Amino acid sequence: MKLTVNTNHLTLIDRIIEAGTLGKTREAVLNAAVIEHARFLLTGGTPFRPPPPGVVEVDTPVYGPVREELVIPPITGKAIPVRTGEVLRISQVEGGTCVDYNAYNLHDYKEWLDCGFNRTRGVTVGKGTIIWSGSPRARPMQAILDHSDNFDQYYQGHRCNGLLNEIEYGFVDHPNCQDTFAEAIREYGLTPDDVHDSYNLWMRTNVTPEGRREFHWNRARRDDYVDLLAVIDTLSVPIICGIDTIPLNNYGPGSIRLQVFAASPSTRGLVETIQKRFGRFHAQKTPKDFKTKEIRMKRELERDPNYVPNYFPNPAETAIEVNVTPEVERLLQTLLATGDYLESKEHALLHSFLRWYDIAWPRDHVSTKLAFRPRPDAPQRNV
Ligand SMILES: [Zn+2]
């Protein structure tokens, strides 16, 4: 058959030839990939299964001494600088408190913790999670080094806000995370428009297949904690959610304690490991790479009369001749019959190869986690 592919498809096929795992020619690789993909399906896989996220083994770091500590009362927040290698510990004073969280690059507020970006490969949670800023910056900002049990995370939503309270309950000026974030970041000259979707800590919520959220009561106990390593200098903004009509705060939030542990040789070493592995990509753009570098000062949008579009070119397509074996021919017909492999044998072949590649080719993802090797000398956790 004549298979139409573009230059990117050919790059991946040729990468497999070079690796020598499926065959020495494009034809051999494509035929073998269909068989391997079918085997994957027969052993419980699906054509939609995402790739395994992968792990990076690192040493468990020892933090420096506490350099700052404060307690923030219910329904307030605090914008607090946490510098590279420092660890922000957020802990429960009474327990049962939902903490909403935003973070910014301390030196450029246009780079921020983007929940949507962090969800790219599923909702990664818990110890070892790397927390990323959004595209086009797209780099690790923080990492979860440790937490106590019953640490429920949720970041599939927006943030509670005044409109929800007013439209649903008729409450005007009810405390809400949008306004609390805005009040906290005002200390650094940011506006309510600079609040972003919340990366929630101790929020027990699941999302139904229809996208509706189911809210559960808060399991956090007194002194439960989470430790966030700053991979870059951040302005970290934990706030306490003021919601009292659903059980996220057990109908009455408590206080939270913030402690900043100084950087140490081992936290700095961990930062370096993370940056070396996840901060080395051409796609991680900064303003010096932008065609428009300045932040717009005027609110009104006006067309630039000198604008000339400059998009990436569409990859070139070519047709390659591929003879499929009778066995692969039968498999492709079977895959097409499922309705999940597009509508032609050629597309089913390409789709099978790409789905096989997705699962089989080892690589990092946004969801790749850190796995901490225990410290041989000191098994106790950081206190
Ligand atoms: Zn809230």
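This is a short talk on one protein structure, from its overall build to a sheet and two helix contacts.

Good morning, everyone. One caution before we start: this is a predicted model.

Let me begin with the whole protein. There are 383 residues, and 35% of them count as buried. The secondary structure comes to 8 helices and 18 strands. The C-alpha trace spans about 70 × 65 × 45 Å along its principal axes. Now the contacts. Take those with a sequence separation of 6 or more. Of these, 77% join residues 24 or more positions apart.

Next, the sheet. I want to look at an open sheet of 6 strands. Its order is 3-16-5-14-9-8, and the pairing is antiparallel. Which strands sit at the edges? They are strand 3, residues 66-72, and strand 8, residues 130-132. Each of those pairs on one side only. Between neighbouring strands of the sheet, the turn averages 20 degrees, direction ignored.

Let's walk across, starting at strand 3. Strand 3 pairs with strand 16, residues 256-261, in the antiparallel sense. That pairing has 6 bridges. One position to find on your screen is E68, which stands opposite V260 in strand 16.

Move on to strand 5, residues 87-92. Strand 5 pairs with strand 14, again antiparallel, over 5 bridges. Here R89 has D227 of strand 14 as its bridge partner.

Stay with strand 14 for a moment. Strand 14 covers residues 225-230. Is this strand mostly covered or mostly open? Mostly covered: 6 of its 6 residues are buried. Look at how the side chains alternate. Y225, D227 and L229 point one way. V226, L228 and A230 point the other way. Both sets are buried. So D227, the partner of R89, is among the buried residues, because a residue counts as buried when 20 or more other C-beta atoms lie within 10 Å of its own.

On the other side of strand 14 comes strand 9, as the sheet order shows. Strand 9 runs over residues 140-147. Strands 9 and 14 are antiparallel, with 5 bridges between them. Two positions are worth finding. A143 stands opposite L229. H147 has V226 as its bridge partner. Strand 9 is mostly covered too, with 8 of its 8 residues buried.

That leaves the edge at strand 8. 3 bridges join strand 8 to strand 9, and the two run antiparallel. There, I131 has Q142 of strand 9 as its bridge partner.

What lies across this part of the sheet? Helix 6 does, residues 265-278. Helix 6 lies across strands 5, 8, 9 and 14. Against strand 9, the helix runs at about 130 degrees.

Now the helices. Helix 8, residues 345-360, is our focus. We will look at its contacts with helix 2 and helix 7.

Take helix 2 with helix 8. Helix 2 spans residues 26-42. The axes are 8 Å apart and the packing angle is about 65 degrees. The two helices are therefore roughly perpendicular to each other. The crossing is left-handed. Which residues meet here? From helix 2: L30, A33, V34, E36, H37 and F40. From helix 8: L349, S352, F353, R355, W356 and I359. By class, that contact has 8 nonpolar, 2 polar and 2 charged residues.

Then helix 7 with helix 8. Helix 7 spans residues 326-337. Its axis comes within 9 Å of the helix 8 axis, and they cross at roughly 95 degrees. That makes helix 7 roughly perpendicular to helix 8. L332, L335 and L336 in helix 7 meet K345, A348, L349 and S352 in helix 8. This contact has 5 nonpolar, 1 polar and 1 charged residues. Note L349 and S352: they meet helix 7, and they also meet helix 2.

One last residue: L336, in helix 7. Why does it count as partly exposed? Because it has 17 other C-beta atoms within 10 Å, and being buried takes 20 or more, being exposed 12 or fewer. Leaving aside neighbours within four places in sequence, L336 is in contact with Y341, K345 and A348. From L336 to H347, the C-alpha atoms are separated by 9.2 Å. Those two residues are 11 apart along the chain.

That's my tour. Thank you.

Note on methods. Residues are numbered from 1 along each chain as its sequence is written. This is a predicted model: local features need pLDDT of at least 70, side-chain atom pairs count only at pLDDT 80 or more; totals for chains, interfaces and linings use all residues. Axes are lines fitted to C-alpha atoms, for helices over the stretch in contact, and angles run from 0 to 180 degrees between N-to-C directions. Helices (H or I, at least four residues) and strands (E, at least two) are DSSP runs, numbered from the N terminus. Angles under 35 degrees count as roughly parallel, over 145 as roughly antiparallel, 65 to 115 as roughly perpendicular and the rest as oblique. Two residues are in contact if their C-beta atoms, placed from the backbone, lie within 7 Å. Ala, Val, Leu, Ile, Met, Phe, Trp, Tyr, Cys and Pro count as nonpolar, Asp, Glu, Lys and Arg as charged, and the others, Gly among them, as polar. A crossing is left-handed if the near helix is turned anticlockwise from the far one by less than a right angle, and right-handed if clockwise. Two strands pair if DSSP finds at least two bridges between them.
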